[in-house]
Amino acid sequence: MPPAASAPSPPGAFTAPRPTARLAALIADIRGTVGRGLPPDPTAHLVGECLAPHLGAPDLLTPEQRASDPARYRQHLLHAEHDGSFSLVALVWLPGQGTSVHDHIAWCTTGVHQGRERERRYRLLPAAVPDGTARLVATADVVNATGEVCGFAPPGDIHRVWNDGPGTAISLHVYGADLSRFGTSVRRVYPLPADR
């Protein structure tokens with residue numbers, strides 16, 4: 001299923017709902033970490049340390065921020081930092097919903113708030129002679145349960161994610177980009193032959 005990417009919003013058009021007290025504290029922690037100006041990989045790791053204590057807490061998200069969509073996974077933009085340095089998103093996945101194979105416009109840290117998510121990571125092999133077709137090779141299969149975090153930075157961030165569990169899954173994603181401006185974290189979708 002392709003990712004639910006919406007058209008980019010005009011700059012300044014995003015207005016976040018008032019965060020819960022716990023979400024406001026998390027945003028402040030992330031702001032302090034991102035503000036250190038470290039390279040992408042350590043930033044993604046340290047943002048994971050900010051996320052971890054909040055995952056699974058019942059007072060983190062409002063009922064509206066936990067709402068799903070029966071047609072595809074749903075993205076709730078929770079916060080976009082005024083200087084464009086990071087965005088915080090809640091993704092809500094019903095059983096069987098997932099993304100296409102894609103990569104990202106910036107570093108990302110993900111934490112599972114409810115349920116579990118399955119992830120398959122890929123490496124792009126260049127076009128081979130004689131057929132001239134590039135292909136994706138699976139390099140890892142990961143199942144992240146409630147409370148688990150992971151992070152990555154381009155290049156080498158090609159993956160797909162889906163909910164293979166019996167119930168709703170919710171994950172928090174922090175991206176090193178302004179999603180209120182871009183509308184999506186996806187840089188490229190890979191419609192190439194891939195190990196399934």
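In this predicted model, six salt bridges are counted. One of them joins Arg116 to Asp164, with the closest N and O atoms 3.0 Å apart. Because Arg116 lies in strand 5 (residues 116–125) and Asp164 in the loop between strand 8 (159–162) and strand 9, this pair ties together parts that are 48 residues apart in sequence. Neither partner is classed as buried: Arg116 is partly exposed at 34% relative accessibility, and Asp164 is partly exposed with a relative accessible area of 27%.

Asp164 also meets the side chain of Arg118 in a salt bridge, at 2.7 Å from N to O. Here too, distant parts of the chain are linked, since Arg118 belongs to strand 5 and Asp164 to the loop between strand 8 and strand 9, 46 residues apart. Arg118 has a relative accessibility of 27% and therefore counts as partly exposed. A further salt bridge is formed between Arg121 and Glu119, whose closest N and O atoms are 3.0 Å apart. In this pair, Arg121 is partly exposed at 30% relative accessibility, whereas Glu119, at 4%, lies under the 20% limit and so counts as buried. Through shared partners, salt bridges join Arg116, Arg118 and Asp164 into one network.

The UniProt record, an unreviewed entry, places the feature "binding site" at His102, His104 and His159. These positions are spread over 58 residues of sequence, yet they cluster in space, the largest C-alpha distance being 9.5 Å. His104 is located in strand 3 (residues 102–104) and is buried, with a relative accessible area of 3%. Its side chain makes a polar contact of 3.2 Å with the side chain of His102. Leaving aside residues up to four places away in sequence, His104 touches Phe152, Pro154, Asp157, His159, Tyr175, Ser185 and Arg187. The annotated residues His104 and His159 are thus in contact with each other.

His159 is found in strand 8 and counts as buried at 7% relative accessibility. With residues up to four places away in sequence again left out, the contacts of His159 include His102 and His104. Also among them are Glu119 and Arg121, the two residues that pair in a salt bridge with each other. Phe152 is touched by His159 and likewise by His104.

Turning to the helices, helix 1 comprises 14 residues (21–34), which at 1.5 Å a residue should span 20 Å; the end C-alpha atoms are 20 Å apart, in agreement with this expectation. Its buried residues are Leu23, Leu26, Ile27, Ile30, Thr33 and Val34. Seen down the helix axis, these residues fall within an arc of 125°, so they line one face of the helix. They pack against helix 2 (40–51), strand 1 (74–80), strand 2 (87–93) and strand 9 (169–175).

Helix 2 has twelve residues, for which the expected span at 1.5 Å a residue is 16 Å; the end C-alpha atoms are 16 Å apart, which agrees. Thr43, Ala44, Leu46, Val47, Gly48, Cys50 and Leu51 are the buried residues of helix 2. Their packing partners are helix 1, strand 4 (108–114), strand 7 (149–152) and strand 9. Strand 9 is therefore packed against by buried residues of helix 1 and of helix 2.

Technical notes
Residues numbered from 1 in each chain as written. Predicted model: local features only at pLDDT ≥ 70, side-chain atom pairs only at ≥ 80, totals over all residues. Heavy atoms only, no water. Helix = DSSP H or I, 4+ residues; strand = E, 2+ residues; numbered from the N terminus. Expected span 1.5 Å × (residues − 1). Buried < 20%, exposed > 50% of the residue type's maximum accessible area, 1.4 Å probe, protein only. Arc of directions from axis to C-beta. Contact = heavy atoms within 4.5 Å. Salt bridge = Lys/Arg side-chain N within 4 Å of Asp/Glu carboxyl O. UniProt positions renumbered as here; feature names shortened; annotations may be inferred. Polar contact = N/O pair within 3.5 Å; in protein donor to acceptor, adjacent residues only side chain to side chain.
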